[in-house]
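Q: I'd like to learn how to read a structure like this, one feature at a time. Can we put it up and go through it together?

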Amino acid sequence: MDIKGIIANEQIGVTHEVKGWVRTFRSNRFIALNDGSTSKNLQIVVDFEQMDEALLRRITTGACISVKGDLVESQGTGQKVELIAQQIEILGDANPEEFPLQPKKHSLEFLREIAHLRPRTQTFGAVFRVRHAMQFAIHKYFNDNGFFQVHTPIVTGSDAEGAGEMFRVSTLDPTNPPRTEDGSVNWKEDFFGKETNLTVSGQLEGELFAMGLGKIYTFGPTFRAENSNTTRHLAEFWMIEPEVAFNDLFDNMELAEDCLKYTIRYAMEHCKDDLQLLADRLEQDEKQLPQDKRSMPLMEKLEFVANNDFVRCSYTEAIDILMNSNPNKKKKFKYIIEEWGADLQSEHERYLVEKHFGKPVILYDYPAKIKAFYMRLNDDGKTVRAMDILFPGIGEMVGGSQREERYDVLKKKIEEFGIEEESLWWYLETRKFGTCVHSGFGLGFERLISFVTGMSNIRDVIPFPRTPKNAEF
Ligand code: 4AD
Ligand code: MG
């Protein structure tokens, strides 16, 4: 039985054998043992007079041990049961002179440098158990609602977002690639016989399946070579992309809102201990701040989002609000909004969500110029059926749209955006044969985990973050 089960079942008098890592060893008597099954430690009581001294010395923070003993009601406070050790075996030493984790608070920056050991800490144990629960919740949500998961390719020849932020995939010799007559690299001789890259989104392939299976979703890694060194960007992140035939933009909003609320509620219900630990951690961090500078306690924040309707606000309305806002008038924004058509920066998004509305906001009907080629053009000829869902503290959580289903309009858009039609012939064909209204969105998984765990840096919610100049581990 794992420690989670032992603590939950409280089978007094039963002999257990447990294996785990020593968190602390106090007074040569109390071992706090953790095996990762829960944030809680099992207290092991050692009768040091009966134990070999050499063995006792090897019970140090980080050591891996196996313990056999009887479960009793705990004499102390802080735990209901404890294990009276009869036999202890050292499975793996952790020399205290070298082991970098000590039973004290380490900074998250330091822990990022030892990402190979951070799964052994209380905080990261909690974060990654929550991450697991939430990916399960996502699959459950879509499965229960009749969606099929589609595994879209990781290696592709297309740039779904048209932003040119791709990692090349090639087996050519970079120092001496084959060349064409005019001297440029001859990609025809590359592995796939053409230029390929890691996918930035599974959407385009997802759409093909939605127009056959009806309701699909993808959940996979995506890669973006954008040089954004922020607390919200990763070069490799996981994205959930549902795509639904016959859904219009407003159905799409409803699906996204429902899915977000469901998964957040799922975590609140199934990860109580871990979320409480993370909530306490945040509260501790903010203790020195004055009352009005502190953020909403984590549990309250999750409750609030799960139980309140998201605001729906058009881009045009948002621009009005922003142009009339104090920070815009007093030139406090770094980017002053001067006219309709401006792209929104995260400072504007945060103003709308955190200051103006005070809850998640779904912005929609953006100018066509600042959005991707595949979004459906509105009758006004200048806006598209796009939507972004903005969250407090995070900014953009979801980006989605109703897709352009009209062959001629899409063809023209592809031209206007300077995309080679040849690379998207298959995408265009879905509009030629049995086209229909359809919509979908992309939910950044790490941004969701960041929000739910209250971990403010996205690098702390993915096991091994990939960011500019960083691919250690
Ligand atoms: O808004 P994006 O770029 O939309 C798409 O990729 C569409 N193909 C989605 C669709 O309609 N099927 O990205 C979607 C979401 C963002 O809202 C954000 O949450 C997340 O993906 N995201 C990132 N997360 C971490 N690091 C990055 N560099 C991210 N870029 C986008
Ligand atoms: Mg976006």
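A: Sure. Let's start with a bit of vocabulary: helices (at least four residues) and strands (at least two) are DSSP runs, numbered from the N terminus. One caution before we go on: this is a predicted model.

Q: How many helices and strands does the chain have?

A: The chain comes to 14 helices and 16 strands. Along the principal axes, its C-alpha atoms fill a box of roughly 85 × 60 × 45 Å.

Q: What share of the residues is buried?

A: Buried means under 20% relative accessible area. Here that applies to 49% of the 473 residues. As for the outside, the accessible surface is about 23,800 Å², and carbon and sulfur atoms account for 49% of that.

Q: And what about contacts and charges in the chain?

A: Take the contacts between residues at least 6 apart in sequence: 68% of them join residues at least 24 apart. On the charge side, there are 58 positive and 74 negative side chains, and the centres of the two sets lie 4 Å apart.

Q: Which domains does the assignment give?

A: Domain 1 covers 3-104, while domain 2 is written in two pieces, 122-152 + 208-460. Their contact takes 6 residues from domain 1 and 5 residues from domain 2. Measuring over C-alpha atoms is the way to place the centres, and those of domain 1 and domain 2 are separated by 44 Å.

Q: What area is buried between domain 1 and domain 2?

A: The idea is to take the accessible area that two parts lose on being put together, summed over both. For this pair it is about 440 Å², with 36% from carbon and sulfur atoms. On the domain 1 side, R23, S39 and K40 supply 74% of the area buried against domain 2, more than any other three residues.

Q: Which residues does D273 touch, leaving aside its neighbours within four places in sequence?

A: Contact means heavy atoms within 4.5 Å. By that rule D273 touches S39 and K40. D273 sits in helix α7, residues 272-285, and with a relative accessible area of 40% it is partly exposed. Look at T38 as well: D273 and T38 are 235 residues apart along the chain, yet their C-alpha atoms are separated by 8.1 Å.

Q: Where is T15, and what does it touch?

A: T15 is in strand β1. Not counting residues up to four places away in sequence, T15 touches K68, G69, D70 and Q86. T15 counts as partly exposed because its relative accessibility is 44%. For a pair with T15 in it, try Q276: the two are 261 residues apart in sequence, and from C-alpha to C-alpha they are 30 Å apart in space.

Q: Which residue has a positive phi of about 45 degrees although it is not a glycine?

A: That's E10. To find E10, go to the loop between α1 (3-9) and β1 (15-26). Its relative accessibility is 34%, so E10 counts as partly exposed.

Q: And where is K469 found?

A: K469 is in the segment after α14 (445-453). K469 also has a positive phi, about 65 degrees, and is not a glycine.

Q: Is K469 buried or exposed?

A: Exposed means over 50% relative accessible area. K469 has 90%, so K469 is exposed.

Terms used: Residues numbered from 1 in each chain as written. Chains lettered and ligands numbered in written order. Predicted model: local features only at pLDDT ≥ 70, side-chain atom pairs only at ≥ 80, totals over all residues. Heavy atoms only, no water. Buried < 20%, exposed > 50% of the residue type's maximum accessible area, 1.4 Å probe, protein only. Areas by Shrake-Rupley, 256 points an atom, 1.4 Å probe, with all protein chains shown as cover. Lys, Arg positive; Asp, Glu negative; His and termini not counted. Charge placed at Lys NZ, Arg CZ, Asp CG, Glu CD. Domains from an automatic or database assignment. Buried area = accessible area lost by both parts, 1.4 Å probe.
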